[in-house]
Amino acid sequence: MQDLMTEEKTLDQNNSFGVVVVGGGVSGTAAALVSARSGVRTLLIERDTYLGGIGYTGLLQHICGLYPNGETFPTGTLNQGIVQEIIAHLAKLSPQKTIKKMGLVYVLPYFRRDLLSVFDSLCGNERDLTVLRATTVLSVEKANTEITGLVINRSHTAYKIFPRVVIDCSGDGVVSEMAGASFELLPQEQLQMSACTVHLKGIQDRDELLAIKVSYYLSDGVRKHILPPLLRFSTFTPGDSPDEGYLKVNVSGLQSKDRDKKAFEYASAVHHYLSNMIPVLKGSYLAGSSMRVVDREGRRVLGEYILTDDDVIHARKFDDGIAKGAWPIELWDMHKGPVYRYVRSGDYYEIPLRSLKVKGIPNLFVAGRCISASHEALGSTRVMGTCMTLGEQAGIAASFRVRNSMYSRYGNESLHTSL
Ligand SMILES: Cc1cc2nc3c(=O)[nH]c(=O)nc-3n(C[C@H](O)[C@H](O)[C@H](O)COP(=O)(O)OP(=O)(O)OC[C@H]3O[C@@H](n4cnc5c(N)ncnc54)[C@H](O)[C@@H]3O)c2cc1C
């Protein structure tokens with residue numbers, strides 16, 4: 001981890017940065033790395049004490065969205081660049097984790113601790129990157145249409161930061177909202193379901209059918225009014241060793257005040273019920289849980305283009321396409337459960353740069369989960385593989401804008417572009 005004292009000193013001495021990235025999830029870390037590598041002084045601000053966002057907090061096991069779909073086993077990634085670098089580092093740490101077919105798509109299994117150490121080490125190697133963990137953006141200052149300052153809270157002290165360009169990788173579009181950008185946020189009951197995952201240990205003689213049995217008994221429990229209806233969409237996935245697994249409890253409509261507590265109560269209730277119904281789970285126990293409820297969907301910030309489900313399903317390409325996606329539209333609906341719509345086999349769609357450019361605020365970009373996309377299109381773009389590339393591309397665009405505006409101040413107008 002980067003030395004916190006060094007970080008504080010940087011803050012006190014010079015609070016001006018070319019690019020400030022808010023949110024150190026998979027998209028924000030990629031954005032910050034790429035921006036710093038272009039020689040632009042870059043700051044990455046993360047609320048938690050660790051990087052990785054949902055990729056770490058959510059107890060996930062697979063990186064989705066990295067590979068083409070179709071019958072042929074993938075020989076490479078759909079996008080080039082940062083995803084290839086990250087998965088090469090992951091492979092060095094855990095070579096046993098290799099591409100896996102899941103239904104009609106391909107995923108990369110990973111250990112979340114590996115993701116954390118890859119992100120820490122890549123960020124630690126960048127001279128032009130400062131990472132502030134345990135730091136929260138509180139407010140945004142603007143002059144005319146541009147962001148001129150961010151107020152951040154670090155160790156109960158407020159600091160003011162002066163960015164030239166900001167990238168909102170907060171997952172929930174919090175900076176964009178503070179900056180007055182337009183966004184779409186569906187009512188709770190129409191949002192994709194959120195989730196809390198618990199790690200189970202002590203499973204005896206786990207068999208191949210356990211995931212199916214879990215689904216069956218949950219539906220049965222709901223039908224008999226033993227469990228609330230939404231708990232029928234909880235899922236089980238096996239862990240690496242035969243005595244472990246992950247129970248993902250999908251929830252919806254919980255009030256923000258105590259939703260983590262409530263979701264954990266649901267998870268405990270599901271585990272208790274299943275332990276009584278399925279003999280191999282009898283001696284199992286909760287060995288850990290996701291640190292908080294994690295959201296599949298929040299604010300979708302309005303950009304210069306809104307990616308639609310039509311674009312995704314019909315594999316549309318754009319002149320300013322900067323990222324490829326082939327993951328299906330995967331919607332976790334609180335009434336229907338997961339519903340999938342697939343991109344044509346062997347094909348992919350593109351996400352245009354305009355979906356990362358926030359409408360009306362020229363020095364603000366978005367990347368990751370909060371890009372400008374419809375509710376349905378987000379069902380595909382939100383997976384980690386795609387989010388990393390979106391972060392990378394926002395980092396390229398933001399640092400390009402900083403470098404070009406520096407040149408244009410010295411009179412070289414020809415370098416001033418629409419970025
Ligand atoms: C239940 C569930 C299961 C999923 N399963 C998979 C899967 O198996 N495979 C897959 O590839 N994808 C999966 N996803 C999707 C994927 O994990 C996320 O969409 C993706 O990780 C989002 O990355 P991100 O960087 O956009 O945002 P996030 O990971 O949400 O990161 C945003 C970061 O911003 C920080 N932040 C927020 N506000 C502030 C602030 N004011 N100041 C400072 N920092 C702030 C947060 O702490 C967080 O670290 C799943 C998602 C969910 C919810």
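**Notebook: ligand shell, second largest pocket, largest cavity**

I began with the secondary-structure elements around the ligand and noted that β7 gives the most to the shell, with three residues. The model I am reading is a predicted one.

**Entry 1. The shell around the ligand**

I then asked which elements each supply at least two residues of this shell. They are α2 (26-37), β3 (62-63) and β7 (135-143).

Next I looked up the residues themselves. There are 33 residues around the ligand, and those that come nearest are Ser27, Glu46, Ile54, His62 and Arg382. I sorted the shell by class and recorded 14 nonpolar, eleven polar and eight charged residues.

**Entry 2. Polar atoms facing the ligand**

Which residues place an N or O atom close enough to the ligand for a polar contact, with a limit of 3.5 Å? I noted three cases, each with an oxygen atom on the ligand side.

- Val26 takes part through its backbone, where an N or O atom lies 3.3 Å from a ligand oxygen.
- Ser27 uses its side chain, with an N or O atom 2.8 Å from an oxygen atom of the ligand.
- Arg382 offers a polar backbone atom, and an oxygen atom of the ligand is 2.6 Å from it.

I also looked up how much of the ligand is covered. The ligand taken alone exposes 1,000 Å², and the protein buries 94% of that.

**Entry 3. The second largest pocket**

I turned to open space elsewhere in the model. The second largest pocket holds about 340 Å³ of space. It is lined by 18 residues, of which Gln188, Leu191, Ser194, Arg259 and Asp295 are the closest to its centre.

From which domains is this lining drawn? Domain 1 (4-186 + 298-415) and domain 2 (193-289) each contribute at least three residues to the lining of the second largest pocket. By class, I recorded six nonpolar, seven polar and five charged residues in that lining.

**Entry 4. Enclosed space**

Rolling a probe the size of a water molecule over the atoms shows where empty space is left. I therefore asked how many cavities of 30 Å³ or more there are by this rule. The count comes to one.

The largest cavity has about 40 Å³ of space. I listed its lining as Gly65, Tyr67, Pro68, Asn69, Val105, Tyr106, Ala326 and Trp327. Six of these lining residues are nonpolar and two are polar, and I found no charged residues among them.

Conventions. Residues are numbered from 1 along each chain as its sequence is written. This is a predicted model: local features need pLDDT of at least 70, side-chain atom pairs count only at pLDDT 80 or more; totals for chains, interfaces and linings use all residues. Side-chain values use heavy atoms; hydrogens and water are left out. A residue is near a molecule or strand if one of its heavy atoms lies within 4 Å of it. A polar contact is a pair of N or O atoms within 3.5 Å; within protein, one must be able to donate a hydrogen and the other to accept it, and residues adjacent in sequence count only if both atoms are side-chain atoms. Accessible areas come from the Shrake-Rupley method with a 1.4 Å probe; for residues, only the protein chains shown count as cover. Helices (H or I, at least four residues) and strands (E, at least two) are DSSP runs, numbered from the N terminus. Ala, Val, Leu, Ile, Met, Phe, Trp, Tyr, Cys and Pro count as nonpolar, Asp, Glu, Lys and Arg as charged, and the others, Gly among them, as polar. On a 1 Å grid over the protein atoms alone, a cavity is a set of points where a 1.4 Å probe fits but cannot get out, and a pocket is an open set with protein on both sides within 12 Å along at least five of seven lines; lining residues have an atom within 4 Å of a point. Grid points are joined across faces, edges and corners, and a volume is the space filled by probe spheres set on the points. Domain bounds come from an automatic or database domain assignment.
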